[in-house]
Amino acid sequence: MILRFFVFSLKDAGRNLTNHASGGILETDTAEMCKISKYRFIWGMNMNENERLDGIKAFWNENSDSEWYRSLRTEEKIHALQERPERAFHPAVYALIRKIFPDLTKAKVLLPSSGDNHAAFALSLLGAQVTSADISERQLENAAEIAARLRLNIEFVCDDTMQLSHISNQAYD
């Protein structure tokens with residue numbers, strides 16, 4: 001089973017963006033639309049698949065160093081995650097994870113569209129073998145720095161998470 005954690009809301013400096021799978025913008029304010037439109041990946045634009053993926057990648061690479069994402073990488077946030085890894089999840093999601101994997105030390109988990117990677121850090125801290133896949137090299141670089149500092153053994157894979165072409169089929173629980 002692949003756990004998919006990729007629908008979330010970003011609220012930063014008055015914007016309200018919603019990421020759906022590989023970066024589709026569903027709602028935003030006018031000022032943000034001007035910024036986002038330079039990446040040309042609003043649904044319905046005429047472009048080939050490579051242009052669409054390049055736009056999505058550029059958007060998330062740039063956003064990975066935004067004030068909001070930097071706030072998720074502070075020593076305080078990472079320390080809190082180390083102290084109570086389960087807090088990376090909504091309580092209902094965490095209960096479902098524990099129901100499916102009562103012993104996480106035996107779980108091999110793939111997290112597509114891993115974003116800030118708090119779920120990857122948490123699952124690794126809880127004993128799971130974790131692979132984090134994201135289209136953004138910058139997101140993965142930031143996460144790899146934190147994982148190294150925490151001495152977590154997480155595999156990071158840069159891939160289009162709608163295709164997962166760099167991931168072995170049937171390799172995960």
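Student: What makes Tyr69 count as buried?

Tutor: Tyr69 has a relative accessibility of 2%. Buried means under 20% relative accessible area, exposed means over 50%, and partly exposed lies in between (1.4 Å probe, protein chains only). At 2%, Tyr69 is under the buried cut-off, so buried is the right word. Before we go on: the model is predicted, so local features need pLDDT of at least 70 and side-chain atom pairs pLDDT 80 or more, while totals for chains, interfaces and linings use all residues. Residues are numbered from 1 along each chain as its sequence is written, and side-chain values use heavy atoms, without hydrogens or water.

Student: Why is Trp68 called partly exposed?

Tutor: Its relative accessible area is 22%, which falls in between the two cut-offs, so partly exposed it is.

Student: How many aromatic pairs does a search of the whole structure find, and what makes Phe59 and Trp60 an edge-to-face pair?

Tutor: The search finds four aromatic pairs. In one of them, Phe59 and Trp60 sit 4.9 Å centre to centre with 85° between the planes. Rings of Phe, Tyr and Trp (its six-membered ring) pair if their centres lie within 6.5 Å; planes under 30 degrees apart are stacked, over 60 edge-to-face, and the rest tilted. With 4.9 Å and 85°, this pair meets both tests, so it is edge-to-face. Trp68 and Tyr69 also form an edge-to-face pair, at 4.9 Å and 80°. Ring pairs link Phe59, Trp60, Trp68 and Tyr69 into a cluster.

Student: How do you know that Phe59 and Trp60 are buried?

Tutor: Phe59 comes in at 1% and Trp60 at 7%, so they pass the buried test.

Student: What makes the length of helix α2 close to the expected value?

Tutor: Helices are DSSP runs (H or I) of at least four residues and strands (E) of at least two, numbered from the N terminus. The expected span is 1.5 Å times one less than the number of residues. For the 15 residues of α2 (49–63) that gives 21 Å, and the first and last C-alpha are 21 Å apart.

Student: Which residues of α2 are buried, and how do you know which side of the helix they are on?

Tutor: The buried ones are Arg52, Leu53, Gly55, Ile56, Phe59, Trp60 and Asn63. They span an arc of only 160° around the axis, so they lie on the same side of α2; the arc is taken from the directions from the helix axis to the C-beta atoms. Asn50 and Asp54 are exposed on the other side.

Student: Why is helix α6 described as largely enclosed?

Tutor: Seven of its eight residues (118–125) are buried, so the rest of the structure largely encloses it. What covers those buried residues includes α4, α5, β4, β5, α7 and β6.

Student: What makes β5 and β6 a strand pair?

Tutor: Two strands pair if DSSP finds at least two bridges between them. β5 (129–134) and β6 have five, in the parallel sense, so they qualify. In one of the matches, Ser132 has Phe156 as its bridge partner in β6.

Student: Why do β4 and β6 stand at the edges of the sheet?

Tutor: The open sheet has the order β4-β5-β6, with parallel pairing. β4 (108–112) and β6 (154–158) each have a single partner strand, so one side of each is left without a neighbour in the sheet.

Note on methods
Contact = heavy atoms within 4.5 Å.
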